[in-house]
Amino acid sequence: MARLFGTDGVRGIANVELTCEMAYRLGQAAAMYLGKTIVVGRDTRRSGDMLGSALSAGIMSAGGTVLEAGIIPTPGVALLVREMKAAGGAVISASHNPPEYNGIKLFDSAGFKLPDAVEDEIERFITTGGLEGQVARMEEAAWEASQEATDLLAADATSYLASEIAMPSGGSLGVTVPLEQAREIYIDHVVRSIGEQGLDFSGLRIALDTGHGAAALTSPEALRRLGAEVIVINDDFNGMDINVQCGSTHLEPLRMLLAESGADVGIAHDGDADRVMIMCPDGTVVDGDMVEAVCALDMRERGVLAGNTVVSTVMANFGFVRAMREAGIEVVQTKVGDRYVLEAMREGGYAIGGEQSGHMILLDHNSTGDGLMTACQFLAAVIRSGKPVGEAVRVMEKMPQTLINVRVRDKHAVDGNAEVAAAVAAAEEALAGDGRVLLRPSGTEPVVRVMVEAADPAEAERHAQAIAAVVEASV
C-alpha cells in the first residue's frame, strides 16, 4: 500500500480519495499526537468547508480545542501556532493542485511539518480505526485481563484501566474557538519584517495574481500597507476556480497584467500562498532559484547568512549552484520537497532554503514556505541593490533547462524500468558532461517529472522529449 503522507501532507481528490472519514481520523490524530489545542486554517476550495468540519469534529471528539483561523495562507497557520502557543496546526489545502483536489498537512508546536516517523505513527493510528479502534482494542484487552485476574485487587486495576481509555464525552469533549484576528496577525507580521529593516515599498507599482486562493485576503493588503500601488487580479473565488489558468503555475494572466499596467514587478501565488513566482516588467520569469540567489547574496552583505550556506534541491538550476559558489557561498542540495530542505536547514542551522518552484523558507521569519514573506524580502533586497528587478536578478545566469511532467498510471514504476534507464543513459552520453538528466516521481500527483539541462536549449528540449516519450509509453 502506498504511504498515506506525501511530501506535503495527505492529498487526493476530495470526497473520493480524501474522504470525510479520513479527515475525521486525521483530526483525532492531531489531538492525540500533537496536543489538545490545534489551529485550523484552509484555502478557498469548495471542499474546504466539508473537510474542515470533519477534521475539526475529529479534534473535538478526542478532547481537543479547535482554534479556527478560516481562510488563510498556509504560512499564516504556521505563524499562528507559535503566536497562540498551540500544540499544533492543520491546513486544509492542496496547494497548487486543481480545485477538485484537497489535502491536510499538519504542523507541530513550533510550526514545523512533522517528521516521517511521526507521520508513520499517525498512519498506523488511522488505518487501525482511529481513536474508536484504539479504545475498542484496549477495552477488549482490559476485559481479557479481568477474566484472568486471580484476586479483587487485579480486577479493580483492570476496571480502572477500562474507565481511563473511554471515549471523551460530556465536559471532556472539545470546542471550537474562532480566531477573529487570524489574518491580521499574519499581515502585521509580514509588514513589520520590512519596517524593521527601515524600508517600505513607496513608489513601487506591483502587479499581483492571487490565483483565486487564500492570498486574496492577505497579500494585497500587506503590500498596500507597505506603501506599494497594487493592481490585483484573481482575488475573488467561488471554490472551483483556485489555480485554474492563473497563479504561480499559470503565469500568462500576470504577464498580460504587467504589460497593461506598466508595473515594476509581478507577483503570483499558488492556492495556499506558500510559494511565489516573480516576474520582470518585460515578462521574464524569476523562479525560486533566482529569488533565492538575490536574497542569499543580500543576506550575506547584511551579515545574516547563517553558516555562509544556502539550501536547495537537486532540481536547482546549475546556474544557481555556480553563482553561489563563485560568490563563496556553500550550497547544500537535498531531495525534492520543502520538508527535506527544511530538515537540512534545521540540522545545519541555516537561514535560507528553497526550491525552483517558488517555495522559499526563511527561518528568521517563518517556519515553513511563505510566498508573501518571500516576495517582500526579495523586494527589500532589490531596493537595497538600487537596481530595477530585471537587473537585480542577473546575479545568476540560468543554464537552459527543460522540464516535462508526464502523467502515468504508476509513478513509482519508473524506478527499475529498463527502457527508461536506457533512454536516460543515451541522453547522458550525448550530453557528455555538458548538462544533466533528472527523473523523479511527483510527491503529490500521478506524474513523473523529466528534467534535462544543457548548454544548448534545443539539446535540452530534444533529450527531454525523447525520455518523456519512453516514460509515457512504458510506465
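Select Asn243 to begin: at 5% relative accessibility, this residue counts as buried. The model on display is a predicted one, and every stop on this tour refers to that prediction. Asn243 sits in the loop that joins strand S8 (229–233) to helix H9 (252–261). Its backbone deserves inspection, since Asn243 is not a glycine and yet has a positive phi of about 70°.

**Ser95 and its surroundings**

Which residues does Ser95 touch, beyond those up to four places away in sequence? Select Ser95 and display its contacts: Asn243 is one of them, alongside Asp8, Arg11, Asp43, Arg45, Lys105, Asp270, Gly271, Asp272 and Asp274. Ser95 belongs to the loop between strand S4 (88–92) and strand S5 (101–107). With a relative accessibility of 1%, Ser95 is buried, because the limit for that class is under 20%. An unreviewed UniProt entry annotates Ser95 as "modified residue: Phosphoserine".

**Ala273**

Move next to Ala273, in the loop between strand S9 (265–269) and strand S10 (276–279). Here too a residue that is not a glycine has a positive phi, in this case of about 60°. Is Ala273 buried or exposed? At 2% relative accessibility, Ala273 counts as buried.

**The largest cavity**

Now select Phe5, Thr7, Asp8, Gly9, Lys105, Leu106, Lys113, Leu114, Glu119 and Arg339, which line the largest cavity. Asp8 and Lys105 appear in this lining, and both are also among the residues touched by Ser95. The volume of the largest cavity is about 60 Å³. How many cavities of 30 Å³ or more are counted? The count comes to one. Colouring the lining by residue class shows five charged, three nonpolar and two polar residues.

**Thr313**

Proceed to strand S12 (residues 309–313), where Thr313 is found. Thr313 is buried, with a relative accessible area of 1%. To see what surrounds Thr313, display its contacts outside the neighbours within four places in sequence: Gln333, Thr334, Lys335, Val336, Gly337, Val341, Gly354 and Glu355.

**The second largest pocket**

For the next selection, take helix H10 (288–302), helix H13 (371–385) and helix H14 (389–392), each of which supplies at least two residues of the lining of the second largest pocket. Which of these elements gives the largest share of that lining? H10 does, with five residues. The full lining consists of Val294, Leu297, Asp298, Arg300, Glu301, Ala381, Arg384, Ser385, Lys387, Glu391, Ala392 and Val395. By class, six of the lining residues are charged, five are nonpolar and one is polar. The space in this pocket amounts to about 220 Å³.

**Annotated spans**

Finally, colour residues 3–128, 185–283 and 287–398, to which the unreviewed UniProt entry gives the annotation "domain: Alpha-D-phosphohexomutase alpha/beta/alpha". In residues 3–128, helix makes up 41% and strand 23%, and the end C-alpha atoms lie 15 Å apart. For residues 185–283, the helix content is 28% and the strand content 19%, with the end C-alpha atoms 33 Å apart.

Methods
Residues numbered from 1 in each chain as written. Predicted model: local features only at pLDDT ≥ 70, side-chain atom pairs only at ≥ 80, totals over all residues. Heavy atoms only, no water. 1 Å grid on protein atoms, 1.4 Å probe; cavity = no way out; pocket = protein on both sides within 12 Å on 5 of 7 lines; lining within 4 Å. Points joined across faces, edges and corners; volume = space filled by probe spheres on them. Helix = DSSP H or I, 4+ residues; strand = E, 2+ residues; numbered from the N terminus. Nonpolar A, V, L, I, M, F, W, Y, C, P; charged D, E, K, R; others polar. Buried < 20%, exposed > 50% of the residue type's maximum accessible area, 1.4 Å probe, protein only. Contact = heavy atoms within 4.5 Å. UniProt positions renumbered as here; feature names shortened; annotations may be inferred.
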